[in-house]
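Here are my notes on this one, written so you can follow along in the viewer. Have a look at the fold yourself before reading on.

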Amino acid sequence: MKEKWIVIFGGAGFLGSNLCGELLSKGKKIICIDNLYTGSIANIEPHMHDKNFSFIEHDVIEPWDTDQSLECIYNLACPASPYHYQKNPIYTLKINFLGAINALELAEKHNIPILQASTSEIYGDPTAENIPTPETYRGNVSCTGPRACYDESKRYGETLCVNFAEQYDLPIRIARPFNNYGPGLKISD
C-alpha cells in the first residue's frame with residue numbers, strides 16, 4: 001500500500017508553512033505547492049531536506065495532479081494581505097475561483113477530504129448587532145469596493161465548496177481565519 005501524502009496549496013505562505021511544520025512533526029508526508037507569489041522558500045527552507053516533504057512550484061489557477069496516494073488537501077492559496085490582493089485584483093479573483101475549482105476537482109478525483117481556507121472578510125462590515133460576528137451572519141459586503149476582489153471571490157469559493165460537497169458527497173470543511181499572526185509573519189504584512 002502506498003503511503004499517503006497531504007497536499008497543501010499555498011504551503012510556502014505564512015499559514016501554509018506553519019501547517020507544513022506542524023504536520024511534519026506528526027510524521028505526515030507533505031506535498032507543498034506554491035507559486036511563491038507571496039509565499040517564500042525561506043518559510044519552508046527548514047523542511048526542504050526532509051524525506052517526508054516535497055515542494056512543487058506551481059500556480060493553483062492551473063490544474064495539478066499526482067499519481068501519489070493522497071490523504072487530504074488544504075487549499076490555503078491566496079494572498080491575504082490587502083496590499084498583495086489589491087495589487088492584481090484579477091489574479092486574486094482567479095486564485096479564489098479557478099484555484100478553488102482545481103483543488104476541489106482534485107479532491108473529487110481522489111475522493112479525499114479538503115479544507116478550504118476562506119476569510120473573515122466574507123462578512124464585510126458587520127452591523128453593530130452582529131459584533132461579535134456569528135457564523136450565521138450572511139455579510140455586508142460591497143461587490144464593487146476596493147476589497148471586493150478578495151471578499152467576493154472568497155464568498156464564491158465557499159459556494160463552490162458547498163456545491164461540490166452536495167453534488168459529489170465530498171467531505172469539505174471551510175475555515176474562516178481572523179487576523180492571524182505569529183512566527184514567520186512578515187513585519188510589513
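1. Let's begin at one residue. Setting aside neighbours within four places in sequence, glutamate 71 is in contact with Lys4, Trp5, Ile6, Lys28, Ile112 and Pro113. Keep in mind that what you're looking at is a predicted model.

2. Where does glutamate 71 lie? You'll find glutamate 71 in strand E4, which covers residues 69-75. Is glutamate 71 buried or exposed? Neither, as it turns out: buried means under 20% relative accessible area and exposed means over 50%, and glutamate 71 has 29%, so it is partly exposed. Strand E4 as a whole is mostly covered, with five of its seven residues buried.

3. Now for the partners of E4. Strand E1, residues 4-9, runs parallel to E4, and six bridges join the two. One of the pairings to look up is lysine 4, whose bridge partner in E4 is serine 69. Lys4 also turns up among the contacts of glutamate 71.

4. E4 has another partner too. Three bridges join E4 to strand E5, residues 114-117, and these strands also run parallel. Try clicking on tyrosine 74: its bridge partner in E5 is leucine 115. Then go to asparagine 75, which has glutamine 116 as its bridge partner in E5.

5. Keep going from E5. Strand E6, residues 172-175, is joined to E5 by four bridges, and the two run parallel. Here alanine 117 has alanine 175 in E6 as its bridge partner. While you're tracing these strands, a general point helps: in a regular strand, the side chains alternate between the two faces of the sheet.

6. Let's compare notes on a second glutamate. Glutamate 158 sits in helix H5, residues 148-168. Why does glutamate 158 count as buried? Its relative accessibility is 11%, and the cut-off for buried is under 20%. Leaving out residues up to four places away in sequence, glutamate 158 touches Ser118, Ile122, Ile174 and Arg176. One of these, Ile174, falls within the residue range 172-175 of strand E6.

7. Sequence distance and distance in space are worth checking side by side. Glutamate 158 and alanine 117 are 41 residues apart in sequence, with their C-alpha atoms 8.9 Å apart in space. For glutamate 71 and asparagine 179, the separation is 108 residues in sequence and 28 Å in space, again C-alpha to C-alpha.

8. Time to zoom out. How many helices and strands does the chain have? There are five helices and six strands, and from the N terminus on they run β-α-β-α-β-β-α-α-β-α-β. The radius of gyration is 16 Å, close to the 16 Å that the globule rule gives for 189 residues, so the chain is as compact as a globular protein of that length. Its C-alpha atoms fill a box of roughly 50 × 40 × 30 Å along the principal axes.

9. Some whole-chain numbers to finish with. Of the 189 residues, 43% count as buried. Take the contacts between residues at least 6 apart in sequence: 69% of them join residues at least 24 apart. The chain exposes about 10,400 Å², and carbon and sulfur atoms supply 52% of that area. As for charge, there are 16 positive and 23 negative ones, and their mean positions are 3 Å apart.

Terms used. Residues numbered from 1 in each chain as written. Predicted model: local features only at pLDDT ≥ 70, side-chain atom pairs only at ≥ 80, totals over all residues. Heavy atoms only, no water. Rg over C-alpha atoms; globule rule 2.2 N^0.38 Å. Buried < 20%, exposed > 50% of the residue type's maximum accessible area, 1.4 Å probe, protein only. Contact = heavy atoms within 4.5 Å. Areas by Shrake-Rupley, 256 points an atom, 1.4 Å probe, with all protein chains shown as cover. Lys, Arg positive; Asp, Glu negative; His and termini not counted. Charge placed at Lys NZ, Arg CZ, Asp CG, Glu CD. Pairing = 2+ DSSP bridges.
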